[in-house]
Amino acid sequence: MTKATDKKLIVGLDIGTSKVCALVGEVLPDSNVNVIGVGSSPSRGMDKGGVNDLESVVKSVQRAVDKAALMADCEIDSVYLSLSGKHIRCQTEKGMVPISDKEVTQDDVDSVIHTAKSVKISDEHRTLHVIPQEFAIDYQEGIKNPVGLSGVRMEASVHLITCHNDMARNIVKAVERCGLKVDQLIFSGLAASHAVLTADERELGVCVVDIGGGTMDIAFWTGGALRHAEVIPYAGNVVTSDIAYAFGTPPGDAEEIKVKYGCALSELVSKDAKVDVPSVGGRPPRSLQSQTLAEVIEPRYSELLGLVNQRLIEIQEQLRNAGVKHHLAAGIVLTGGAAQIEGLNECAERVFQNQVRIGQPLELSGLTDYVQAPHYATAVGLLHYGKDNQSFDDNDVEPKRSVSGLLSKVSGWFKKEF
């Protein structure tokens, strides 16, 4: 059995409200990610991105990780871990420094980013990500990579994503109870963006909405940079609850009915189609029209997407006031487990009045039959993120709270802090 550290292996762990996903990816010589291990288990003890039963989370994580390790035939000792929840905050800050030798060096870039991120944040919060958006040198704005350019002073605009200390500590504790080390915590919406977006979409302007069981993660991109990130603490589970209450069926069966027979647009359902609905208390199952099911599902999905649309309108107003170009020319990309329902595309286009697509993980090889689905978007994104932020030549573990070197990325420049 190979240790994950002996090969160029990365492990992504996504602990959601409904499901825990663990993926093992091997970084190939051409820098592509080859998925060699997949493990998933029903999630217990999580609610809206937070831990509410530590022991249950530990068991769920252990099951998923063990399955992935067995399939990949490796020993997993560390993971890249996703984080969500309404405690996630973001803010854009600016920093300015004089250019030391009239020509921008990497040290100048590091210095201006450090200046921008040195803003005071709440004592209860910690910085998850420091993501440069663009640079300006003297009178020239919108620079993606300033190294080597001449000038007198440089300004950087950076996007900070922060999380609540205790919320992060609890989910890390659950993973460490399984004997695993957390390489880095990554905001779920950022990870999903890495998995499902193309560089052109980020440039033109796009919003990723990762619809999970308990949360909807929003990541708004334009001009190749992340402009806004937030979490709405309502998602697919409210649809499941509606089905359970409307038809008097157990929640587990309601979830299965939603996934197998549900549709987010009732007019797409045949009037003759029927579905068997299990009852509670040993009563016999009943046969209901599929259209009746869709009439329960459609208003709730419309309401959830309406919450996102309202936030998008407000975000665009904020960007307009800040003088940022903010076109959503590439529309909306929906991903996550609750994005796999029939008719969602059409329902969403009506709500957003914009083009919509369902996002599946891109640029993968290996076990693609398993993971090329929206509910694996965050876990796949963790592999991509890990690949771009990990040096396999250096086995020294970076101490917590240190900042890594600046890494170039197709969409721009990224810097991490943990």
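Which residues in α11 are buried? They are A377, T378, A379, V380, G381, L382, L383, H384, Y385, G386, K387 and N389. Here, buried means under 20% relative accessible area, exposed means over 50%, and partly exposed is in between, using a 1.4 Å probe and protein chains only.

A quick word on what you're looking at. This is a predicted model, where local features need pLDDT of at least 70 and side-chain atom pairs count only at pLDDT 80 or more, while totals for chains, interfaces and linings use all residues. Residues are numbered from 1 along each chain as its sequence is written, and side-chain values use heavy atoms, with hydrogens and water left out. Helices (H or I, at least four residues) and strands (E, at least two) are DSSP runs, numbered from the N terminus.

**Helices**

Back to α11, which covers residues 377–389. With 12 of its 13 residues buried, α11 is largely enclosed by the rest of the structure. Helix α6 takes in residues 236–247. How long should a helix be? The expected span is 1.5 Å times one less than its number of residues. Here are the two helices next to that rule:

| Helix | Residues in helix | End-to-end C-alpha distance | Expected span |
|---|---|---|---|
| α11 | 13 residues | 18 Å | 18 Å |
| α6 | 12 residues | 17 Å | 16 Å |

In α6, the buried residues are G236, V239, T240, I243, A244 and F247. They cover an arc of only 135° around the axis, which puts them on the same side of α6. That arc is taken from the directions from the helix axis to the C-beta atoms. As background, an α-helix has 3.6 residues a turn, so residues three or four places apart point the same way.

What do the buried residues of α6 pack against? Their partners are β14 (206–211), α7 (251–261), β17, β18 and α8 (290–321). Just after α6 comes G248, with a positive phi of about 60°.

Now for α7, where A254, I257 and K258 are buried. Those residues span an arc of only 100° around the axis, so they sit on the same side of α7. On the other side of α7, you'll find G252, V259 and K260 exposed. The cover over the buried residues of α7 includes α6, β17 and α8.

**F247 and the strands beside it**

F247 belongs to α6 and is buried, with a relative accessible area of 9%. Leaving aside neighbours within four places in sequence, F247 is in contact (heavy atoms within 4.5 Å) with V277, R286, L288, T292, L293 and V296.

One of those contacts, V277, lies in strand β17 (residues 274–277). V275 and V277 point to one face of β17 and are buried, while K274 and D276 point to the other and are not. β17 pairs with β18 (residues 286–289) in the antiparallel sense over four bridges; pairing takes at least two DSSP bridges between strands. Within β18, L288 is the bridge partner of V275.

**Two domains**

The domain assignment gives domain 1 (88–163) and domain 2 (199–359), with bounds that come from an automatic or database assignment. Their centres, taken over C-alpha atoms, are 35 Å apart. Nine residues of domain 1 are in contact with nine residues of domain 2.

About 690 Å² is buried between domain 1 and domain 2, with carbon and sulfur atoms giving 57% of that area. In domain 1, I88, C90 and Q133 lose the most area to domain 2, together 48% of what that side buries. Buried area is the accessible area (1.4 Å probe) that two parts lose on being put together, summed over both.
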